[in-house]
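Work through the exercises below with the sequence and the structure side by side, and try each task before reading its solution.

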Amino acid sequence: GSCCRCIRFLHVFVFVLHIHGGHSQMCDPADLASLLAFSDGLDRMGAGLVGWGPNDTSCCSWTGISCDLGRVVELDLSNRSLSRNSFRGVAVAQLGRLPCLRRLDLSTNGLVGAFPASGFPAIEVVNVSSNGFTGPHPAFPGAPNLTVLDITGNAFSGGINVTALCASPVKVLRFSANAFSGDVPAGFGQCKLLNDLFLDGNGLTGSLPKDLYTIPELRWLSLQENQLSGSLDKALGNLSKLTLIDLSYNMFNGNIPDVFGKLRSLESLNLASNQLNGTLPLSLSSCPMLRVVSLRNNSLSGEITIDCRLLTRLNNFDAGTNTLRGAIPPRLASCTELRTLNLARNKLQGELPESFKNLTSLSYLSLTGNGFTNLSSALQVLQHLPNLTSLVLTNNFRGGETMPMDGIEGFKRMQVLVLANCALLGTVPPWLQSLKSLSVLDISWNNLHGEIPPWLGNLDSLFYIDLSNNSFSGELPATFTQMKSLISSNGSSGQASTGDLPLSFVKKNSTSTGKGLQYNQLSSFPSSLILSNNKLVGSILPSFGRLVKLHVLDLGFNNFSGPIPDELSNMSSLEVLDLAHNDLSGSIPSSLTKLNFLSKFDVSYNNLSGDVPAGGQFSTFTEEEFAGNPALCRSQSQSCYKRAVTTEMSSETRFTFGLFLTVEAGFAFGLLTVWNVLFFASSWRAAYFQMVDNFFDRFYVITMVNLNRLRRKWEHKDHP
């Protein structure tokens, strides 16, 4: 008997598994109809991608469908490439008729159109992010169990229906990257269970409503990239469970409230790019969980008051582009977990603290645009940081310091080194040759001199060199044409990222403002050789043609001579070729028209001659890029034609005029010798003047024939 009972129990168990097994369930006919109606609303390609068929009634076994007791409870069609489907009519509303549907995921499909305003009575989790939905956002007013709504990356517009959203126990609202406008509405305080609120990347305006500071369970608050204004309320300290605050890229003003002692769980604070002023809040040092602090691009003043003794987890501190003053406090080095430190573009001064040797985790340091002194001491301190990969010290040490030549043995992992616009004296330091990982070197806008050392071209990872605006002399080393990172795709280049630069720095350009190119990643650097504004001589090496990965070659404002090598046409990735203000001669190789990516080409103010090549990118270049070469002509330029004709005609005329003067002088001499005879013999006198008239008639005819022949030659040359 007990055995039979076991067999009967096993049968029941198998039956239950059969009912709940999904793949073998027969779905409810009403659910089947709703799913088929949705499928019919897609175009043929979309319906094929879904893979549902009207002849198969076992919808619980369809792609993306999960059932419970024959009712559809989950629909996951994420990332199915259903792009450009508009759900013809009210097809999505058919999904709203699924009475047991709890989870809906249509994300990353490029779907467009309006989302239904009603239906989905049992819905709990909705993800329709990364599509093209328009109109008002879905609020699911008839869904009492909604907990997660993610509509990120659509084109929903209008206001935010807080009343409907907060009527359910919603925990996550992700409304990022849409087109919402107007003020942040009051009412979020009614969302008592809300953990995550993402409203970033919209067009929201006005100040923050007071009740936003009363959401008891709020952990993530992301409002960046809007047009929000006003001051930050001290009630921010009431949000004691916050782990992330991102209010960056708005227009908030006033002081940062000094309430962070209450935010003991805070891990990330981003207030960058606002209009905040005042000093750094002392209570920031009371957040033991803090990992990221970004306050850059505000108007903060005073000294750096961060006390790192309690900030044992801080790994990113960015206070760049403010008006902070004074010296860097030695206690900042107590943040031993710091990986990125940006204090650029402030009013800091003094020497780098010796205690910075303790920042052994630091990988990125930017001190650009301050008033620091003693570069030699700074480098001797920083060389002890084993993980330092990016060091940007632009626009400091401007008291006429000399580039340190010895005593530097570290920086073994250095990838980016920028010492631009520091008014440094001296030569290229020999310790650079030991930086085997160096990819980017910028020592432009200094007072360095001497020859460029050949070993610089032997650094295998180096793909970006800027030595411009110095006084380097001599010829270019041949090793610059053999750089491994620029010769083949096997080497690294500006397009091969070897690491991220988490914070941007400003590279000094030709103006005096200190503004210039900004780079956020190593992969952002175009592979470049920038050697302009020096005193370099010699010829442009034909072997530059090997550098097929080079994007920028700038040799302008030097003393290079000789021809432009035809081999440069092999530099297939070249985008910028600047040879202006040198002493180059000969013609421009027509093969350069093969450079399909060439967007800037400048050979102005050389001694080039002949025709400018036609076709390819050369059709986009202007006259200014060829100016200052009197013998250089663009075949489509009338001014060039007239100038050339005038030049040759002037030469011919000068010759003719000189011949004319010679003949006249001869006649004058002859006239003096026979004048007495002519004066006394009238018949001889008449014959003589008849001969002179005939000669000048014939001379005039010959001259005009030659000039007309020359004009026809130029017309035929420019208009074949």
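Two residues are in contact when heavy atoms of theirs lie within 4.5 Å. The model used in these exercises is predicted.

**Exercise 1. Describe the surroundings of Asn-154, beginning with its place in the chain.**

Begin with the location: Asn-154 sits in the loop between strand S7 (148-150) and strand S8 (155-158). Next, decide whether Asn-154 is buried or exposed. Residues under 20% relative accessible area are called buried, and Asn-154, at 8% relative accessibility, therefore counts as buried.

Then list the neighbours, leaving aside residues up to four places away in sequence: Asn-154 touches Val-128, Ser-129, Ser-130, Asn-131, Gly-132, Phe-133, Ala-177 and Asn-178. Finally, look for polar atoms among these neighbours. The side chain of Asn-154 reaches the backbone nitrogen of Asn-131 at 3.4 Å, and a polar atom of that side chain also lies 3.0 Å from the backbone nitrogen of Phe-133.

**Exercise 2. Place Thr-134 in its strand and state how far it is covered.**

Thr-134 belongs to strand S6, which spans residues 132-135. With a relative accessible area of 34%, Thr-134 is partly exposed. When residues up to four places away in sequence are not counted, Thr-134 touches Gly-113, Ala-114, Phe-115, Ala-155 and Phe-156. As a last step, compare positions in sequence and in space: Thr-134 and Ser-157 are 23 residues apart along the chain, while their C-alpha atoms are separated by 6.8 Å.

**Exercise 3. Write down the strand order of the sheet of twelve strands, and explain what is special about its edges.**

Follow the neighbours across the sheet, and the order S4-S6-S8-S10-S12-S14-S16-S18-S20-S22-S24-S26 appears, in an open sheet with parallel pairing. Strand S4 (112-114) and strand S26 (371-372) stand at the edges with a single partner strand each, so one side of each has no neighbour in the sheet.

Now examine the pairing that involves S26: strand S24 (residues 347-350) runs parallel to S26 and is joined to it by two bridges. Within this pair, Gln-349 stands opposite Gly-371 in S26.

**Exercise 4. Do the same for the sheet of eight strands.**

The order here is S29-S31-S33-S37-S39-S41-S43-S44, again in an open sheet whose pairing is parallel. At the edges stand strand S29 (425-426) and strand S44 (631-634), and because each has a single partner strand, one side of each is left without a neighbour in the sheet.

For a pair within this order, take strand S33 (residues 471-475) and strand S37 (residues 535-539), which run parallel and are joined by three bridges. Lys-535 in S37 is the bridge partner of Ser-473.

**Exercise 5. Find how strand S2 pairs with S1 and with S3.**

Take S1 as the starting point: strand S1 (residues 65-68) and strand S2 (residues 71-76) pair in the antiparallel sense over four bridges, and Ser-66 has Glu-74 in S2 as its bridge partner. The hairpin of S1 and S2 has two residues between the strands, and Leu-69 takes a positive phi near 55° there.

Then turn to the other partner: S2 and strand S3 (residues 103-105) run parallel and are joined by three bridges, with Leu-75 opposite Leu-104 in S3.

**Exercise 6. Determine which residues of helices H2 and H6 are buried, and how they are arranged around each axis.**

Start with the length of H2: this helix (residues 29-40) has twelve residues and reaches 16 Å from its first C-alpha to its last, close to the 16 Å expected at 1.5 Å a residue. Its buried residues are Asp-31, Leu-32, Ser-34, Leu-35, Phe-38 and Ser-39. Seen down the axis of H2, these buried residues fall within an arc of 165°, so they line one face of the helix. Pro-29 and Asp-40, on the other side of H2, are exposed. At the start of H2, a side-chain oxygen of Asp-28 comes to within 2.8 Å of the backbone nitrogen of Ala-30.

In helix H6 (residues 375-382), the buried residues are Leu-375, Ala-378, Leu-379, Val-381 and Leu-382. Seen down the axis of H6, they fall within an arc of 160° and therefore line one face of the helix. These buried residues of H6 pack against strand S25 (364-366) and strand S27 (390-392).

Conventions:
Residues are numbered from 1 along each chain as its sequence is written. This is a predicted model: local features need pLDDT of at least 70, side-chain atom pairs count only at pLDDT 80 or more; totals for chains, interfaces and linings use all residues. Side-chain values use heavy atoms; hydrogens and water are left out. The expected span of a helix is 1.5 Å times one less than its number of residues. Buried means under 20% relative accessible area, exposed over 50%, partly exposed in between (1.4 Å probe, protein chains only). The arc is that of the directions from the helix axis to the C-beta atoms. A polar contact is a pair of N or O atoms within 3.5 Å; within protein, one must be able to donate a hydrogen and the other to accept it, and residues adjacent in sequence count only if both atoms are side-chain atoms. Two strands pair if DSSP finds at least two bridges between them.
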